[in-house]
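Here are a few exercises on charged side chains and strand pairing, each with a worked solution. Have your viewer open and try each task before reading on.

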Amino acid sequence: MRAAIYYGRRDVRIESIPEPESPGPGEVVLEVSRAGICGTDAAEFVHGPFLIPLHSKHHASGHQGPLILGHEFVGRIVAGGADVQGFAIGQRVVSGAAMWCGQCRWCTNGQSNLCTRYFVYGLHAHGGLAGLAKVPAQMCYAVPDGCSDESAAMAQPLAIALHALRRANLEQGQTLAVIGVGGIGAFILAAAHAQGLAHIIALDVDDARLERAAKLGASFLVNVRQEDPFAAISWLTDGDGADVVIEASGAPPSPGLALALVRRGGRVLLLGLQAQPSTLDLHDLVLREVELISSNGHVCDVDLPAAVGLLATTDLASTVLERVIDLDALVPDGLLALAEGRSHGKILVNTT
């Protein structure tokens, strides 16, 4: 089979490799039809390895050496191991990104995304940018017949957005501001709109992403390069500030901007990953009693089914999708396009 293999910084090769071995207990082999790529993949390609354990066996996955990328994918089951229940050969499923132990205090408390042995397929173990992928059946979810492969391939990033919104704990009538509406930020907008939130402000530096944000449900658009975001939010909220601000860009100034835009007693959720430590005005945070929280990943058995359901019943995926590329074009038209800012929507890969 053919696969996208990560060897190191700026070294991803499309190669023919042996098919996965027969699935073990609780595992399935998927014939992958579509896979997504995201900013994490692009960052690993351009600047990494950060997360990929090329030279260490000490990660929970036990993986070492070149690795098949891809943590967002959908496919049909072509083989199943012992103890696999609830799935059939030929069934179409979407895979979550990561596996958990099910036994630690976080897993038993419904926080499997914080598991002490958590590892991500496509980053810590072989992933889905390949003809076939072997994954635990426990992290798979059936795809309804009416949900296209292109839609289903977006379930994992949408699950991250849904988890973030659960953490943000928004109430109807509140104002949400999202900083960075490319990638996960776009899914947060769409999910918030689908949940009935009417006051959503999108902030970005790119007009194309802001135009798409309007289609996804944003009520107001702010290009932070062209206008003062603090003045804009103040005007839109009668001087109060947003009830909740979600920082989804990972840009160095954005956490500080999020604190400046939130109201007294409001909530800031940090989702974008910062490349370097960031300085925040904690004096202001304390005086205004702002709640600062974060969000990481998704809880597979809660957020993945919700994501599939939303994708199957809305046109969200078609609005977010920019293009589908062939596996051979992954580096120039996928990873580099994301890293260089040449992409304004979701890029999917045809792995067949």
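## Exercise 1: a pair and its burial

Aspartate 204 and arginine 209 form a salt bridge, with their closest N and O atoms 2.9 Å apart. (A salt bridge here is a side-chain nitrogen of Lys or Arg within 4 Å of a carboxyl oxygen of Asp or Glu.) The model is a predicted one: local features need pLDDT of at least 70, side-chain atom pairs count only at pLDDT 80 or more, and totals for chains, interfaces and linings use all residues. Residues are numbered from 1 along each chain as its sequence is written, and side-chain values use heavy atoms, leaving out hydrogens and water.

**Task.** Decide whether aspartate 204 is buried or exposed, and do likewise for arginine 209.

**Solution.**
1. Take the cut-offs: buried means under 20% relative accessible area, exposed over 50%, and partly exposed in between (1.4 Å probe, protein chains only).
2. Aspartate 204 has a relative accessible area of 6%, so it is buried.
3. Arginine 209, at 16%, is buried too.

## Exercise 2: an acid without a salt bridge

**Task.** Find what the side chain of aspartate 206 makes a polar contact with.

**Solution.**
1. Locate aspartate 206 in the loop between β12 (199-204) and α6 (207-216). (Helices, H or I with at least four residues, and strands, E with at least two, are DSSP runs numbered from the N terminus.)
2. Aspartate 206 is buried yet has no salt bridge; arginine 209, the nearest side chain of opposite charge, is 4.4 Å away. (Lys and Arg count as positive, Asp and Glu as negative; His and the chain ends are not counted.)
3. The side chain of histidine 344 makes a polar contact with that of aspartate 206, at 3.1 Å. (Such a contact is a pair of N or O atoms within 3.5 Å; within protein, one must be able to donate a hydrogen and the other to accept it, and residues adjacent in sequence count only if both atoms are side-chain atoms.)
4. The backbone nitrogen of arginine 209 also lies 2.9 Å from a polar atom of the aspartate 206 side chain.

## Exercise 3: links across the sequence

**Task.** Which parts does the salt bridge between arginine 2 and aspartate 328 tie together?

**Solution.**
1. The side chains of arginine 2 and aspartate 328 meet at 2.2 Å, N to O.
2. Arginine 2 lies in strand β1 and aspartate 328 in the loop between β17 (321-326) and α12 (330-339), so the pair joins parts 326 residues apart in sequence.
3. Arginine 2 is partly exposed at 33%, while aspartate 328 is exposed at 54%.
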